[in-house]
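Visitor: I am new to protein structures and would love a close look at one part of this one. Could you pick a spot and then walk me onward from there?

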Amino acid sequence: MTTALLLGAAVFAVASGVNDGGALVALGLKVPGVRPGSAIIVLALAIVASPLVFGTAVATTVAHKLVPFHGPDGRMAVLLAIIGCLAVVAVLARLRLPTSLTLATIGALVGAGIGFGFTVSWPTIGVVIAVGLVAPVVGALLATAVSYGLGMVPVPIGPRTIRLMHLSAFGLESLAYGANDGQRMLAMFSIAGATVATGAPRVRAHPWELLVIPLCFVGGALVGMYRYAGTFGTDLVPARPHHTPIAELAASAASFGGMSVGSPLSTTQAASAGLVGAAGPEHWLQVRWRRTARLALAWVLTVPSAFAVGLLLGFGGSVLR
């Protein structure tokens, strides 16, 4: 079981790289002079540094505050939840929709936990889902406000300034990702390696986990950034270079806000909404509303779909155990 869980956690980290890392790096492809490889390295370093700097509150929530998994049945339930979560995300990924892996993880964990007969913490789940749903709205509103503010500046923003803005904003966004939804990976490895105990005050970031996780993540991000280049380039809005740092700053604020209450949320969701909010003030009619609505629909369907798959797998696993 330990071997299977470690393998599942590694695949989960690779999928996080494809879905999250690829999307976040793809957002910066519109900025001239920024190397994608360097951006991936920054993200990987942030995944290592953020738990050490900001703590592991989000990883603790994912690991055992949603569902108190314990014993062999608990570990089996988590393994099935990983399988269900990745299955749902894979279907949406084939549609080139960067859905929320965080929401899929929550839905699958809760479904598998119920399927195995574990008691779930509905108040915690309610808070996590509420924060996850509010995050894109916050990202869009913050980006819109910043975009309007920059529009009032009489001095044009040159390419060099945009590049510096992007470098700073992406660094902040990377730290926010590592401090929030990036900690899903740490939670899975903690459960797989039995380094988190039921009722423990918090998840600890062990050195071997901080070595393996970024390696798996980088491999996935190298694939994902080209998969999602279109979504963050022209599919949602006719994005211009200066929209990128605005969206990144908005996503950072939303992610750090979620971290402050120990609630995981999707940085890619906040960044997607932030991109629409950043470009909208220049011309709302240029927003691809149909494409944006499809993306939002994918987010809405993620939790119930992952929950249903997790519940089915969990119930089947409990019967066959």
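Guide: Let's begin with two rings: in this predicted model, Tyr177 and Phe217 are both buried, as each has a relative accessible area under 20%. The structure holds 4 aromatic pairs, and one of them is formed by Tyr177 and Phe217. Their ring centres are 5.7 Å from each other, and the planes make an angle of 40°. That makes the pair a tilted one, because planes under 30 degrees apart would count as stacked and those over 60 as edge-to-face. Now find the two residues on their helices. Tyr177 belongs to helix H7 (residues 159–179) and Phe217 to helix H9 (residues 207–227), so this pair ties together parts that are 40 residues apart in sequence.

From rings, let's move on to whole helices. Helix H1 (residues 2–27) packs with helix H4 (residues 71–94) at an angle of about 30°, and their axes are 10 Å apart. H1 and H4 are therefore roughly parallel to each other, since angles under 35 degrees count that way. Their crossing is left-handed. On the H1 side, the residues in contact include Leu5, Val11 and Phe12, while H4 brings, among others, Arg75, Ile82 and Val89. By type, the residues of this contact divide into 12 nonpolar, 3 polar and 1 charged.

H1 has another partner to look at. With helix H12 (residues 267–279), H1 packs at an angle of about 25°, the axes being 9 Å apart. H1 and H12 are therefore roughly parallel to each other as well, and the crossing of H1 and H12 is left-handed. Here H1 offers Asn19, Asp20, Ala23, Leu24 and Leu27, which meet Thr267, Thr268, Ala271 and Leu275 of H12. The residues of the contact of H1 with H12 divide into 5 nonpolar, 3 polar and 1 charged. If you follow Asn19, you will find it listed in the contact with H4 and again in the contact with H12.

One last stop is a single residue, Leu150, which you can find in helix H6 (residues 122–151). Is Leu150 buried, exposed or partly exposed? Leu150 has a relative accessible area of 28%, so this residue is partly exposed. Leaving aside residues up to four places away in sequence, Leu150 touches Ile157, Met165 and Ile246. You can also look from Leu150 across to His242: these two are 92 residues apart along the chain, and their C-alpha atoms are separated by 9.9 Å.

Notes:
Residues are numbered from 1 along each chain as its sequence is written. This is a predicted model: local features need pLDDT of at least 70, side-chain atom pairs count only at pLDDT 80 or more; totals for chains, interfaces and linings use all residues. Side-chain values use heavy atoms; hydrogens and water are left out. Rings of Phe, Tyr and Trp (its six-membered ring) pair if their centres lie within 6.5 Å; planes under 30 degrees apart count as stacked, over 60 as edge-to-face and the rest as tilted. Helices (H or I, at least four residues) and strands (E, at least two) are DSSP runs, numbered from the N terminus. Buried means under 20% relative accessible area, exposed over 50%, partly exposed in between (1.4 Å probe, protein chains only). Axes are lines fitted to C-alpha atoms, for helices over the stretch in contact, and angles run from 0 to 180 degrees between N-to-C directions. Angles under 35 degrees count as roughly parallel, over 145 as roughly antiparallel, 65 to 115 as roughly perpendicular and the rest as oblique. A crossing is left-handed if the near helix is turned anticlockwise from the far one by less than a right angle, and right-handed if clockwise. Contact means heavy atoms within 4.5 Å. Ala, Val, Leu, Ile, Met, Phe, Trp, Tyr, Cys and Pro count as nonpolar, Asp, Glu, Lys and Arg as charged, and the others, Gly among them, as polar.
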